[in-house]
Amino acid sequence: PDPRSHYVEQPNQPVEVVRSPFFTTPLLRPAAPMTRDYSAIDSFKVLMTLDGTCCLTSPDCGTVILHPHEAALVPASTRSITLTPDGKAKLLESHV
């Protein structure tokens with residue numbers, strides 16, 4: 001069996017790469033400012049930049065710039081975040 005995940009990247013749409021009973025990981029490819037609604041997720045989130053640079057903005061946490069291969073921990077209390085890419089960016093988002 002092939003252990004790799006197969007998916008098609010979609011600009012400004014989360015694409016599920018992994019789902020298990022323990023965590024979910026979508027791939028994010030923001031092509032323009034993209035707002036993620038976390039109001040239904042009662043868990044912290046981890047955002048990891050795979051490629052490019054992306055600005056994360058939240059009313060709760062302020063603004064953070066993620067460069068390639070950097071990560072940010074988003075508290076469970078954060079209800080939304082806006083991802084603004086600087087050119088092309090690719091991120092993984094994980095939560096339990």
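Which residue in β7 is the bridge partner of T57? In this predicted model, the legends below begin with that pairing and then turn to the neighbouring views.

**View 1. Pairing of strands β4 and β7 around T57.** The bridge partner of T57 in β7 is T82. The two strands concerned, β4 and β7, pair in the antiparallel sense, and 11 bridges are found between them. Strand β4 comprises residues 45-58, while strand β7 comprises residues 80-95.

**View 2. The hairpin formed by β4 and β5.** Strand β4 also runs antiparallel to strand β5, which spans residues 62-66, and five bridges join the two. Three residues lie between these strands, and together β4 and β5 form a hairpin. Across this pairing, L56 stands opposite V64, the latter belonging to β5.

**View 3. Pairing of β3 with β7.** Strand β3, made up of residues 34-37, pairs with β7 in the antiparallel sense over four bridges. Within this pairing, R36 has I81 of β7 standing opposite.

**View 4. Surroundings of T24 in strand β2.** T24 belongs to strand β2, which covers residues 24-28, and this strand pairs with β7 in the antiparallel sense over three bridges. Opposite T24 in that pairing stands H95 of β7. T24 counts as buried because its relative accessibility is 12%, which falls under the 20% limit for that class. Leaving aside residues up to four places away in sequence, T24 touches E16, V18, R19, E93, S94 and H95, so that H95 appears in this view both as a contact of T24 and as the residue opposite T24 in β7. The side chain of T24 makes a polar contact with the side chain of R19, at 3.5 Å.

**View 5. A nonpolar surface patch that includes F44.** F22, F23, F44, L73 and V96 make a nonpolar surface patch of about 570 Å². One of these residues, F44, is found in the loop between β3 and β4. F44 counts as partly exposed because its relative accessibility is 41%, a value that lies between the 20% limit for buried residues and the 50% limit for exposed ones. In contrast to F44, which is partly exposed, T24 of the preceding view is buried.

Technical notes. Residues numbered from 1 in each chain as written. Predicted model: local features only at pLDDT ≥ 70, side-chain atom pairs only at ≥ 80, totals over all residues. Heavy atoms only, no water. Pairing = 2+ DSSP bridges. Buried < 20%, exposed > 50% of the residue type's maximum accessible area, 1.4 Å probe, protein only. Polar contact = N/O pair within 3.5 Å; in protein donor to acceptor, adjacent residues only side chain to side chain. Contact = heavy atoms within 4.5 Å. Patch = residues over 30% accessible without salt bridge, like charges linked within 9 Å, V, L, I, M, F, W, Y side chains within 5 Å. Areas by Shrake-Rupley, 256 points an atom, 1.4 Å probe, with all protein chains shown as cover. Salt bridge = Lys/Arg side-chain N within 4 Å of Asp/Glu carboxyl O.
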